[in-house]
Structures are given as C-alpha cells and as structure tokens.
Amino acid sequence: MSRIRDIVCEECGKFVIRTDKPNGAAGSEVNMRKLGVYKMPILYGITDGGHFFCCKDCFKLWLDARTTTEQREKGRKSFEELKQKMEASKPELLRRLQRIQAAYNKLNKQ
C-alpha cells in the first residue's frame with residue numbers, strides 16, 4: 001500500500017498536493033489539474049528526475065539558481081527544436097491514425 005505524502009514547492013515550500021501516487025503520476029495530475037507545475041529539467045542538464053513547484057515563477061527561480069546562463073539557453077533551444085519536430089510530425093501522425101481508423105471501420109462492418 002502506498003504511503004500518502006504532502007508534496008510542496010521545491011522553491012518556496014508552499015503546499016501543492018497530497019497524494020499516494022509516484023512522482024510521475026502525481027506530476028501529471030498536478031499539471032493537468034493546474035495545481036502547480038511539475039518539471040523534468042533534463043534539457044537543462046539536471047538529470048535527477050522530476051520536481052514540483054507551486055508556479056512557473058518558482059520553477060524559474062529554482063532553475064536560475066541551479067544552472068548557468070549557457071545551460072538555460074541550450075535547454076530552451078533544445079525545447080524549441082523538440083516542439084518544432086513535434087509540430088512537423090502532426091500531419092503524418094494524423095494520416096496514420098486515419099488509416100488505422102479506416103481499417104477498424106472496415107473490420108467492424110464485416
């Protein structure tokens with residue numbers, strides 16, 4: 001049985017959520033329900049997993065204290081490149097999903 005724990009902002013200590021979920025699932029809930037911000041700052045050179053914050057401003061303060069200007073610039077550039085690649089892949093993804101749906105519909109009619 002999982003242990004219930006309080007998650008607080010890693011910058012200011014403000015309460016974010018009480019949960020028994022592991023960090024990834026709790027982070028997803030925090031972001032989806034807009035209770036705070038969960039970040040995995042691997043693009044900035046921080047590889048120790050995910051981190052919880054009460055707001056984007058606290059994340060920025062936390063990140064600024066733990067990274068150099070160069071790391072932040074490299075991370076932002078990598079993030080923008082990743083965003084562009086994802087955007088560029090949408091038409092192909094849509095085509096493939098439509099093919100799957102057409103095959104499903106065809107099989108469903110038989």
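**Exercise 1. Work out whether Phe59 is buried or exposed, and classify its ring pair with Trp62.**

Phe59 has a relative accessible area of 10%, so Phe59 is buried (buried is under 20%, exposed over 50%, partly exposed in between, with a 1.4 Å probe and protein chains only). Quick note on the set-up: this is a predicted model, where local features need pLDDT of at least 70, side-chain atom pairs count only at pLDDT 80 or more, and totals for chains, interfaces and linings use all residues. Residues are numbered from 1 along each chain as its sequence is written, and side-chain values use heavy atoms, with hydrogens and water left out.

Next, the partner: Trp62 comes in at 3% relative accessibility, so Trp62 is buried too.

Now the rings. Searching the whole structure turns up four aromatic pairs. In one of them, the centres of Phe59 and Trp62 sit 6.4 Å apart with planes at 25°, so call the pair stacked. The cut-offs: rings of Phe, Tyr and Trp (its six-membered ring) pair if their centres lie within 6.5 Å, and planes under 30 degrees apart are stacked, over 60 edge-to-face, the rest tilted.

Last step: Phe53, Phe59 and Trp62 are linked into a cluster by ring pairs.

**Exercise 2. Find where Lys34 sits and say whether Lys34 is buried or exposed.**

Start with the location: Lys34 is in the loop between helix H1 (23-32) and strand E3 (37-39) (helices, H or I with at least four residues, and strands, E with at least two, are DSSP runs numbered from the N terminus).

Then the surface: a relative accessible area of 73% makes Lys34 exposed.

Finally, the backbone: phi of Lys34 is near 55°, a positive value in a non-glycine residue.
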